[in-house]
Amino acid sequence: MRTSILIVSLFLFGTIAAQKQTLFHETYRPQFHFTPSKNWMNDPNGLVYKNGLYHLFFQHNPFGNVWGHMSWGHATSKDLIHWDELPVAIAEENGIMIFSGSAVLDKNNTSGFANAKNSQPLVAIYTGHTDTLQTQNLAFSNDEGLTWKKYAGNPVLNLHKKDFRDPNVFWYEPKQEWIMAVSQPNEHQISFYASGNLMQWKKLSDFGPRGDTSGVWECPDLMQVPIEGEAGKTKWVLFTSQNSTMQYFVGEFDGIQFLEDHPSTTIHKQDHGTDYYAAVAYHNTIDKQPISIGWVNNWEYANAIPTKPWKSAMSLPRKLSVKKQEGDWVLVQQPIGALTSLRGPEQHAADKNLKQNLLLPFSGSSYELSLQMQSQPNAVAGIRVAMGAYGYFEIGYDSKTEQIYIDRSHTVNDFNKKYAAIAKSGTILKPENGKITLRIFVDASIVEVYSADGTVVLTAQVFSEKTEKYIQLFSDGAATQFKNIRFWQMKSIR
Ligand code: FRU
């Protein structure tokens, strides 16, 4: 009897220990991007900073690893790099799902939700979703976001529409009131509302249709973004998500309406990869620097990606600014500086003038890599990462068409037809003095590429085995000069 108890407990102990060992180190699990420990995740929600903590809420299914039972999951971080996952913050209830939205720190207790004198509640503004109706609702927390109560007077905004969602609220200082940007998805419009107390809302204006109207508009975010090199100066930038990609408009907001500066036919995309959607930003950081986080997945195949027991990751947090380029405003995105604290020792490879392929002297599955390329006309050149028995992921530049691209057609893609069909993605990029610079983050199943000082970013998922860890330079058609090749293993945040 005793022996069998001993055997059973040894077995159980062994299993628990094995589980502990593998959780967060499963195949495809990113090591320095946020992922929930288990179950489904989509959009980032309610990004808000309070008392030294960054709160990240997210669309979450607490019961399974596919979309459903949408609720707000929750994690917090002191540095936007290391995250603690907390219990579900706002749960689906009575058949009403908790769709995307934002959260604010109600410093002056305009809502009256504070439970003590001088306390500052967090208030979430989210879409309540049923199959026939979407409305805007409030929930509040007086314990630093740990527990939430839904407001008894919900909904606070109801147009009796099936599609009306993703409220994004911020404090507008000049008028001392709250502004809400909220999506009218099928009309390709963002509507603006104002309120003194987060409960009564009056309509201000609409923006759109404009730019990319090929898919329903979702997840608006409007914020003031610093102008590069002009201390203290800002522009207003409006972001929307549609059809698996994001776009932005740069202009001015006067407390009533948002007007684009150079209305043009050019569509400005925030990210040119295959997997970047629903990004929103922290607006109330200490230095007022907006920092955005996006969902690294694509609705075309999001539920089918081969990861378990979790699905989806968030992007690296990106510092946002704008600059003028050829008479037009462009968005600049840079991964937050603190990420360099995860770097291992720096490794170099010698400069190379290449007309063929060359394996680099370092390898890994979670790392940062930077380099510069100078191509001769007609060269298609770049770098292949996640190389191994099953293929490679290519990041390239075609100097003839002036296109920067990512290509995952040489990786495992047979788990889903739509994923396989969306293999290549890119955009025009003019070389600067003939040079292309690349800063690349590879993290198991995620690749983020920053080029041209952060004005061109490409994010993608790739499902390669841990043995596919080699890195190769390539140059086809003509020679390419590769310079300043630097590499850092990245430490795990787990
Ligand atoms: C965007 C979105 C939002 C919605 C949420 C539901 O990815 O479709 O419009 O609120 O996901 O999970």
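Which strands each supply at least two residues of the shell around the ligand? Load the predicted model and find out.

**Stop 1: the ligand shell**

Select strand S1 (39–50), strand S5 (97–105), strand S10 (165–172) and strand S14 (218–226). Each of these strands gives the shell at least two residues.

Now show the residues around the ligand as sticks. Pick Asn-42, Asp-43, Gln-59, Trp-67, Phe-99 and Ser-100. Add Arg-165, Asp-166, Glu-218, Cys-219, Tyr-277 and Trp-299. Colour the shell by residue class: 5 are nonpolar, 3 are polar and 4 are charged.

**Stop 2: contacts to ligand oxygen**

Keep the ligand in view and go to Asn-42. An N or O atom in the Asn-42 side chain is 3.1 Å from an oxygen atom of the ligand.

Move to Ser-100. Here the backbone is what to look at: one of its N or O atoms lies 3.1 Å from a ligand oxygen.

Then select Trp-299. Its side chain places an N or O atom 2.9 Å from an oxygen atom of the ligand. Switch on a surface next. The ligand taken alone exposes 320 Å², and the protein buries 95% of that.

**Stop 3: an open sheet**

Leave the ligand and select residues 357–363, which are strand S26. This strand belongs to an open sheet of 6 strands. Step across the sheet in the order S26-S35-S28-S29-S30-S31; the pairing is antiparallel. Strand S26 and strand S31 (424–428) stand at the edges. Each has a single partner strand, so one side of each has no neighbour in the sheet. From one strand to the next, the twist averages 15°.

**Stop 4: strand S35 and its partners**

Select residues 470–476, strand S35. Is this strand largely enclosed or left open? Of its 7 residues, 5 are buried, so strand S35 is largely enclosed by the rest of the structure.

Look at the pairing with S26. The two strands run antiparallel over 4 bridges. Label Asn-357 and Phe-474 in S35: they are bridge partners.

Next, select strand S28 (residues 380–388). Antiparallel to S35, it is joined to that strand by 6 bridges. Label Ile-383 here; it stands opposite Leu-473 in S35.

**Stop 5: the S31 edge**

Finish with strand S30 (residues 403–407) and S31. How many bridges join them? There are 5, and the strands run antiparallel. Zoom in on Asp-407. Its bridge partner in S31 is Lys-424.

Terms used
Residues are numbered from 1 along each chain as its sequence is written. This is a predicted model: local features need pLDDT of at least 70, side-chain atom pairs count only at pLDDT 80 or more; totals for chains, interfaces and linings use all residues. Side-chain values use heavy atoms; hydrogens and water are left out. Two strands pair if DSSP finds at least two bridges between them. Axes are lines fitted to C-alpha atoms, for helices over the stretch in contact, and angles run from 0 to 180 degrees between N-to-C directions. Buried means under 20% relative accessible area, exposed over 50%, partly exposed in between (1.4 Å probe, protein chains only). A residue is near a molecule or strand if one of its heavy atoms lies within 4 Å of it. A polar contact is a pair of N or O atoms within 3.5 Å; within protein, one must be able to donate a hydrogen and the other to accept it, and residues adjacent in sequence count only if both atoms are side-chain atoms. Accessible areas come from the Shrake-Rupley method with a 1.4 Å probe; for residues, only the protein chains shown count as cover. Ala, Val, Leu, Ile, Met, Phe, Trp, Tyr, Cys and Pro count as nonpolar, Asp, Glu, Lys and Arg as charged, and the others, Gly among them, as polar.
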